[in-house]
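Colleague: I would like to go through how the helices of this model pack. Please keep the answers short.

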Amino acid sequence: MNMNKEKILILICKGISAIFNPFYAALFSFAMMFILTFLYILPWQYKMFVLSIILVFTIIIPMVSIWTYVKINKVKIKGLSVKENRAVPYVLTFISYFFGFLLMRRLAIPSYMHGLLIAFLVTLSVSAIINMKWKICIHTAAIGVITGAYVMFDKMFPIYPLTGLSILILVAGLLGTSRMILREHTLAQVIAGYFNGFVCAIASIYLF
């Protein structure tokens with residue numbers, strides 16, 4: 001009976017980790033901005049266009065390039081949990097995000113949207129540097145960026161954030177707990193990841 005409960009708990013934790021995969025964070029953040037702020041008045045065609053760029057450069061290209069790297073080098077997906085195997089995926093993801101940023105600049109998409117993408121780029125860069133010496137949690141870093149972005153959205157376009165902020169903090173707690181239960185990270189790595197994303201998001205969006 002206890003074994004069944006443990007298996008169910010593990011499945012739930014894996015589900016939470018999959019749903020809040022770091023690759024989806026940028027798309028979620030942009031969708032949140034288009035739905036919860038006055039930007040909802042933008043033409044839906046324009047919003048879909050921007051979201052398509054984010055989808056391609058922050059999800060499709062990174063996932064395909066990392067999958068190709070894994071296949072060519074015969075690295076098991078589970079092996080990416082080891083910090084030594086994360087360098088190339090970090091670089092591939094950074095390059096894709098950067099070209100997405102350049103495209104948005106080229107298309108004259110508003111700077112506050114650039115700032116949000118820069119927040120993910122900065123967080124990714126800091127995480128990659130830390131990862132050279134110490135494994136940091138990229139899952140909580142991603143939810144940290146989303147939370148920081150949500151706080152900054154309220155500064156730029158008032159959105160009455162308490163309910164949404166409470167939900168994001170709850171999700172961060174569930175996600176961090178899941179990563180620890182799955183023994184992917186320690187408490188320190190989970191907390192460091194979250195604050196890395198949160199601080200990088202606020203600083204990047206504010207300065208940009």
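Modeller: The crossing of helix 4 and helix 5 is left-handed, meaning that the near helix is turned anticlockwise from the far one by less than a right angle. Helices here are DSSP runs of H or I with at least four residues, numbered from the N terminus. This is a predicted model, in which local features need pLDDT of at least 70 and side-chain atom pairs count only at pLDDT 80 or more, while totals for chains, interfaces and linings use all residues. Residues are numbered from 1 along each chain, and side-chain values use heavy atoms, without hydrogens and water.

Colleague: Are helix 4 and helix 5 roughly parallel or roughly antiparallel?

Modeller: The axes of helix 4 (residues 87-106) and helix 5 (residues 111-131), lines fitted to C-alpha atoms over the stretch in contact, come within 10 Å and cross at roughly 160°. Angles run from 0 to 180 degrees between N-to-C directions, and those over 145 count as roughly antiparallel. Helix 4 and helix 5 are therefore roughly antiparallel.

Colleague: Which helix supplies the largest share of the largest nonpolar core?

Modeller: A nonpolar core is a set of buried (under 20% relative accessible area, 1.4 Å probe, protein chains only) Ala, Val, Leu, Ile, Met, Phe, Trp, Tyr and Cys residues joined through side-chain atoms within 4.5 Å. Of the 40 residues in the largest one, Phe-30, Met-104, Met-113, Leu-116 and Ile-143 touch the most other members. The largest share, eight residues, comes from helix 6.

Notes. Helices (H or I, at least four residues) and strands (E, at least two) are DSSP runs, numbered from the N terminus. Angles under 35 degrees count as roughly parallel, over 145 as roughly antiparallel, 65 to 115 as roughly perpendicular and the rest as oblique. Buried means under 20% relative accessible area, exposed over 50%, partly exposed in between (1.4 Å probe, protein chains only).
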